[in-house]
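Here is a short briefing to keep beside the structure viewer. Please open the model and follow along, topic by topic.

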Amino acid sequence: MERYKVRDDQKSPIAEAYRKIATNIQFANLDSNIRTIMVSSCMASEGKTTTISNLASVMAELNKNILLIDLDLRKPTVHKQFNLSNRAGLTDLLLHKDDYIGYIQNVHPGLDVITSGKIPANPTEIINSNAIKELIKKLSGQYDYIFLDTPPLVLVSDPLTIATYSDAVILTIAHSETEKEVIRRSIDSLKQVNANIIGTILNKMPVSKHNKYYYSYY
């Protein structure tokens with residue numbers, strides 16, 4: 001799995017593209033109160049988790065206080081991006097009704113992560129619970145932005161539920177991989193739950209042999 005790169009090479013075209021995305025997010029927030037941002041994809045393997053990890057890292061470097069929560073309770077990978085322990089995370093927090101402080105892992109100044117924890121028997125039940133909604137509401141008062149990593153839209157209903165309690169949604173699309181009809185269906189399904197789609201990130205877009213991928217924001 002490709003891991004986040006921004007802090008490894010802050011002068012790269014990829015890092016600069018993420019800074020532009022971060023700037024656009026802040027502009028989108030001028031006339032609204034966007035605190036929780038869900039990032040999803042249409043299909044699997046579109047680089048969604050790498051994207052949200054890079055984006056959260058860049059936002060933290062812009063002096064924002066950021067929390068990234070792994071809400072992909074079926075196939076969590078955020079912990080792998082940052083080489084974090086996933087022995088205890090979100091599902092454990094909710095199951096034991098613990099204080100969230102004990103589950104926050106700091107990656108670097110300005111960026112905290114809550115991993116998914118143990119894979120539950122019924123992820124949909126947790127995603128739909130009042131407990132997760134109340135937790136995110138409480139945490140939103142502690143951070144400038146909360147980023148929510150979710151499963152792909154066409155695989156399960158979880159992202160649509162999460163979109164209903166997110167202030168904004170960003171959709172990751174893989175260049176030359178994701179079919180247009182799949183993209184249309186994904187966007188339509190988000191619109192049906194009144195999701196606030198603030199943009200898409202075109203991922204895996206070849207630029208040159210020196211820059212394998214470029215990320216652009218629309």
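The notes below go from the whole chain to two helices, one strand residue and two loop residues.

This is a predicted model. The protein chain has 218 residues, of which 54% count as buried. Its secondary structure comes to eight helices and eight strands.

**The chain as a whole**

- Take the contacts between residues at least 6 apart in sequence: 78% of them join residues at least 24 apart.
- One pair to look up is Asn24 and Gly199, which sit 175 residues apart in sequence, while their C-alpha atoms are 9.2 Å apart in space.

**Helix 1 and its partner**

- Helix 1 holds 16 residues and spans 23 Å from first to last C-alpha, close to the 22 Å expected at 1.5 Å a residue.
- The buried residues of helix 1 are Ile14, Ala15, Ala17, Tyr18, Ile21, Ala22 and Ile25. Viewed down the helix axis, they fall within an arc of 160 degrees, so they line one face of helix 1.
- Asn24 also belongs to helix 1. With a relative accessible area of 30%, Asn24 is partly exposed, as the range for that class runs from 20% to 50%.
- Helix 1 (residues 13-28) packs against helix 2 (residues 48-61) at an angle of about 70 degrees, and the two axes are 9 Å apart. That angle makes the two helices roughly perpendicular, because 65 to 115 degrees is the range for that label.
- On the helix 1 side, the contact is made by Tyr18, Arg19, Ile21, Ala22, Ile25 and Gln26. Helix 2 brings Thr50, Thr51, Asn54, Leu55, Val58 and Met59.
- By residue type, this contact between helix 1 and helix 2 divides into seven nonpolar, four polar and one charged.

**Helix 8 and what covers it**

- Helix 8 (residues 180-192) has 13 residues and reaches 18 Å from its first C-alpha to its last, close to the 18 Å expected at 1.5 Å a residue.
- Val182, Ile183, Ser186, Ser189 and Leu190 are buried in helix 8. Down the axis of helix 8, these buried residues keep within an arc of 130 degrees, so they line one face of the helix.
- Lys180, Lys191 and Gln192 are exposed on the other side of helix 8.
- The cover over the buried residues of helix 8 includes strand 1 (36-41), helix 7 (158-164), strand 6 (168-174) and strand 7 (197-205).

**A buried residue in strand 6**

- Thr172 is found in strand 6. Its relative accessible area is 0%, which makes Thr172 buried, since the cut-off for that class is under 20%.
- Leaving aside residues up to four places away in sequence, Thr172 touches Val39, Ser40, Ser41, Cys42, Glu46, Gly47, Lys48, Thr51, Ile201 and Asn203.

**Two asparagines with positive phi**

- Asn83 has a phi near 55 degrees, a positive value in a residue other than glycine. Asn83 lies in the loop between helix 3 (78-81) and helix 4 (90-96), where it is exposed, with a relative accessible area of 59%.
- Asn194 is not a glycine either, yet its phi is positive at about 60 degrees. You will find Asn194 just after helix 8, in the loop between helix 8 and strand 7.
- Is Asn194 buried or exposed? At 70% relative accessibility, Asn194 counts as exposed, because the cut-off for that class is over 50%.

Conventions:
Residues are numbered from 1 along each chain as its sequence is written. This is a predicted model: local features need pLDDT of at least 70, side-chain atom pairs count only at pLDDT 80 or more; totals for chains, interfaces and linings use all residues. Side-chain values use heavy atoms; hydrogens and water are left out. Axes are lines fitted to C-alpha atoms, for helices over the stretch in contact, and angles run from 0 to 180 degrees between N-to-C directions. Helices (H or I, at least four residues) and strands (E, at least two) are DSSP runs, numbered from the N terminus. Angles under 35 degrees count as roughly parallel, over 145 as roughly antiparallel, 65 to 115 as roughly perpendicular and the rest as oblique. Contact means heavy atoms within 4.5 Å. Ala, Val, Leu, Ile, Met, Phe, Trp, Tyr, Cys and Pro count as nonpolar, Asp, Glu, Lys and Arg as charged, and the others, Gly among them, as polar. The expected span of a helix is 1.5 Å times one less than its number of residues. Buried means under 20% relative accessible area, exposed over 50%, partly exposed in between (1.4 Å probe, protein chains only). The arc is that of the directions from the helix axis to the C-beta atoms.
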